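Open the model in your viewer and keep the selection box handy. We will walk from one element to the next, and at each stop I will tell you what to look for.

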Amino acid sequence: MNVGVIGAGISGLATTHELRERGAGVETFEATGEPGGVMQSCQVDGHLLELGPQRLRGSKLIEDWIDEFDLRRQRFEGHDDQPLYILRDGKLRVAPLSIREAITTDLISWRGKARLLAEPLTAPAQADESVESLFSRKFGEEAARTLFCPLYTGLYGANADEMLVRHSVGKALDRHGIDRSILLAIARKLIDGIDVPPIVSFEDGLQILPEAIAERYSDSIHFETPVEAVREDGDGFEIETSDGTTAVDRVVVTTPAPVTADILDPLDSRLADVIGDLTYNPLAVVHLESAYDREGHGCQILDSEGYETLGMTWNASMLDREGVFTSYLGGSRSPEIVAESDEPLGELAAREFEAITDVPAEPLHVARWDPGMPAYDRTWNALERTSFPEGVHVCATFAERAGIPGRLRDARRTAEAVLDA
């Protein structure tokens, strides 16, 4: 079987690998000149910067891929024994991620902690409720507002009152077999002893993983070759690029929803309209250099604090990236800010960093991700009522989970589905 894979981000590269491992012929098309999609690393003034994900968790899945592509010598572990903070009332407060921290944290009042403990008595998650409604109903408004919503929706730069359970946290609950009490499920894991994989990264940055995959399958990957359209061609499909057309038996799209909509419009215009209407949260990723020396993984910043910065990763502390801090701006809080030029964005991030930490910072680099992260809001309901044409498969964050482990698992499922069809 010949399969056309559109996109050479980590989803497309992982799908290429899984298909080739199973004996399929693959032609992968990438619009840009390098692999990785959001997994981009660069050097600026002697600093290693991650423009997308800042680190990985060394789960068995990740470790298997590290070994598969001979990256063990590049691998190192970050610091797991450091706290994560949430900025509330102008103060960085420890996010309670352990029993001890849950007791000692000043992020939530004693009344809020008592209300949180009543969670096992509440009703299960409802698919059509918002993430904010779920967490408020389960844990109380204070814990939801100051802890659960920021930690969950901060990953997506999203508003908790717009993100629906059915498209986001509901899938995570289903995957872990949690049908009623989230708190009791966490307690059982704590009693049994949670085996949390270590924080891991690579000396030369996370992009070396997609680069290693691309190098192995260089005979399959066409860089700087944007796909313009996919059309039916007998029992298969025709992938159209500026270089000509390629006939394939199956197609896998791994691109963000707006790009996918344009590509599939000649094939199914109604489907393209639905995909094109999915909401994304654009993000600006600003790297800063600072002498700030507090230990921690970083912080989330509540909307009520009045900052444009959504949160920070303290690479200097968590990963020993000397002097490097990553700030995130935009999202659903201020999507328009991503359109600002580099200088004002960098200055804004540095100014807010100093206001929060009392230590000055200098901008190193500004990157933008637009469309950014899926919002998983009500626009995703329409996607449930549509289907892709037979022979066209999707391996992308708008259809499944974001995050590198989720992309790798989705690639394996997609490859199996393509070859079983």
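Select strand S15 (residues 280-290) together with strand S18: the two pair in the antiparallel sense over 7 bridges. Helices (H or I, at least four residues) and strands (E, at least two) are DSSP runs, numbered from the N terminus, and two strands pair if DSSP finds at least two bridges between them. For a landmark, pick alanine 284, whose bridge partner in S18 is leucine 329.

Before moving on, a note on what you are viewing: this is a predicted model, in which local features need pLDDT of at least 70, side-chain atom pairs count only at pLDDT 80 or more, and totals for chains, interfaces and linings use all residues. Residues are numbered from 1 along each chain as its sequence is written, and side-chain values use heavy atoms, with hydrogens and water left out.

Stay with S18, residues 324-330, and color by accessibility: 7 of its 7 residues are buried. Buried means under 20% relative accessible area, exposed over 50% and partly exposed in between (1.4 Å probe, protein chains only). In a regular strand the side chains alternate between the two faces of the sheet. Here Val324, Thr326, Tyr328 and Gly330 lie on one side, with Phe325, Ser327 and Leu329 on the other, and both faces are covered.

Next, add S17, which pairs with S18 in the antiparallel sense over 4 bridges. Threonine 313 stands opposite threonine 326 of S18. From S17 (residues 309-313), step across to S16: 3 bridges join these antiparallel strands. Look for glutamine 300 opposite glycine 311.

Now select S16, residues 298-301. Gly298 and Gln300 on one side and Cys299 and Ile301 on the other are all buried. Which sense does the pairing of S16 with strand S7 (residues 84-88) take? It is parallel, over 4 bridges, and leucine 87 has isoleucine 301 as its bridge partner in S16.

Glutamine 300 also leads to the next stop, proline 150, in helix H6 (residues 141-153). Leaving aside neighbors within four places in sequence, proline 150 is in contact (heavy atoms within 4.5 Å) with Ala144, Arg145, Gln300 and Leu302. Proline 150 is buried, with a relative accessible area of 11%.

Click on cysteine 149 too: its relative accessible area is 7%, so it counts as buried. The structure holds 0 disulfides (a disulfide is a pair of cysteine sulfur atoms within 2.5 Å). For cysteine 149, the nearest cysteine sulfur is that of cysteine 299, 17 Å away. Cysteine 395 is buried as well, at 0%.

For a change of scenery, select helix H2 (residues 60-68) and helix H15 (residues 404-420). Their axes come within 10 Å and cross at roughly 75°; axes are lines fitted to C-alpha atoms, for helices over the stretch in contact, and angles run from 0 to 180 degrees between N-to-C directions. That makes H2 roughly perpendicular to H15, a label for angles of 65 to 115 degrees. Show side chains for Leu61, Ile62 and Trp65 of H2, and for Ile404, Pro405, Leu408 and Arg409 of H15, which make the contact.

Finish at an open sheet of 3 strands, with the order S5-S9-S6 and antiparallel pairing. Strands S5 (56-57) and S6 (75-77) are its edges, each pairing on one side only. S5 and S9 (residues 199-202) share 2 bridges, and arginine 57 has isoleucine 199 of S9 as its bridge partner.

How values were computed. Parallel < 35°, antiparallel > 145°, perpendicular 65-115°, else oblique.
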